[in-house]
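Colleague: Could you walk me through this model before I start my notes? I would like to begin with its pocket and then move inward.

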Amino acid sequence: MALITLVAGCAWAGWGLGQRHGDPRGSAQGQLQLQVQTEVGQLQGRLGRGAATAKDRQRLLSLLLGLGRQAEAIALLEQMADQESGRWSLRLLLADLRRNANDRSGAERELRQILNQDPGQVEALKRMALLQLEQGRGSEARTQLQALLKQAQTPSPQPQALAIGLLLADLMQRQGDLPAAAQLDQQLSEQFPRDARPWLALALVRQQQGDGQASQRALVQARSRLGGQGAQRLDQVAVSWGLADLRGPSGAPARSSGAGAAAN
């Protein structure tokens, strides 16, 4: 659904640009807009008569968003989210639309509906933390995530502890508490030794701290847990950060002095 929304939005942004610059295709695009407006009217008619299918509602939603008719899109999405309460994606999109409309309290209300049923729903937690941070409530978000992480790590780390921990470390980083973020990333790398994400997060923190060598060592650790295109992209990241190639002279990953060294 996010992809549909993005494509529709880009299409109409392009139409507007073409009109401003006198694009010779403007008349054809004008006809297309008229067709879309007609289709929207037809779909809204079906919706009003109670004859709209789930596919009709989703099509109408994408068109309304593409046309920038956000208030109508929100009203429709509210109905869809209520009818399909198990589809978190609808409620998440509704929260995003409310936030974009500067209705942060409404966005938070939508997210709480998700978190009341599933406190560990990571996508909802991400958005909630961002909302709280934007409103100067970063400490509140941090306390909540710390409690969730502790719960997910007791008596032993559960799979969801990684996602929650990475989110908490990212929040710490945004708050400027780089030492705490690095410490948590290191802890997660030890608890989930096969996952590259804690090492990637640690590399970014070390880079922000101005410690290029420690950042490179963390990237080497991350690269050893990736393969194929992932490793190649990581090499590009290292270059963009002004770090040495992560591969050794033979093309193999550069040797690291170990996990402890990467953390220092």
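**The pocket and the core**

Modeller: Keep in mind that this is a predicted model. By class, the residues lining the largest pocket are 5 nonpolar and 6 charged, with no polar ones.

Colleague: What volume does the largest pocket have?

Modeller: The volume of the largest pocket is about 210 Å³, and its lining includes charged residues such as Asp96, Arg99 and Lys126 as well as Leu130 and Leu133.

Colleague: Which helices each supply at least two residues of that lining?

Modeller: Those are helix H5 (88-100), helix H7 (122-134) and helix H9 (160-174), and the largest share, 5 residues, comes from H7.

Colleague: Why does the length of H7 agree with what a helix should span?

Modeller: At 1.5 Å a residue its 13 residues should span 18 Å, and the end C-alpha atoms of H7 are 18 Å apart, so the two agree.

Colleague: Which residues of H7 are buried, and what covers them?

Modeller: The buried ones are Val122, Ala124, Leu125, Met128, Ala129, Leu131 and Gln132, while the cover over them includes H5, helix H6 (104-117), helix H8 (138-152) and H9.

Colleague: Switching to Leu125, what does it touch farther along the sequence?

Modeller: Leaving out residues up to four places away in sequence, Leu125 touches Leu115, Pro119, Gly120, Leu145, Leu148, Ile164 and Leu167.

Colleague: And how many residues are in the largest nonpolar core?

Modeller: That core has 44 residues, and Leu111, Leu125, Leu145 and Leu184 have the most contacts inside it. H9 gives the most to this core, with 9 residues. Apart from it lies another core of 18 residues, including Leu61, Leu65, Ala73 and Leu90.

How values were computed. Residues numbered from 1 in each chain as written. Predicted model: local features only at pLDDT ≥ 70, side-chain atom pairs only at ≥ 80, totals over all residues. Heavy atoms only, no water. 1 Å grid on protein atoms, 1.4 Å probe; cavity = no way out; pocket = protein on both sides within 12 Å on 5 of 7 lines; lining within 4 Å. Points joined across faces, edges and corners; volume = space filled by probe spheres on them. Helix = DSSP H or I, 4+ residues; strand = E, 2+ residues; numbered from the N terminus. Core = buried A, V, L, I, M, F, W, Y, C linked by side-chain atoms within 4.5 Å. Buried < 20%, exposed > 50% of the residue type's maximum accessible area, 1.4 Å probe, protein only. Contact = heavy atoms within 4.5 Å. Expected span 1.5 Å × (residues − 1).
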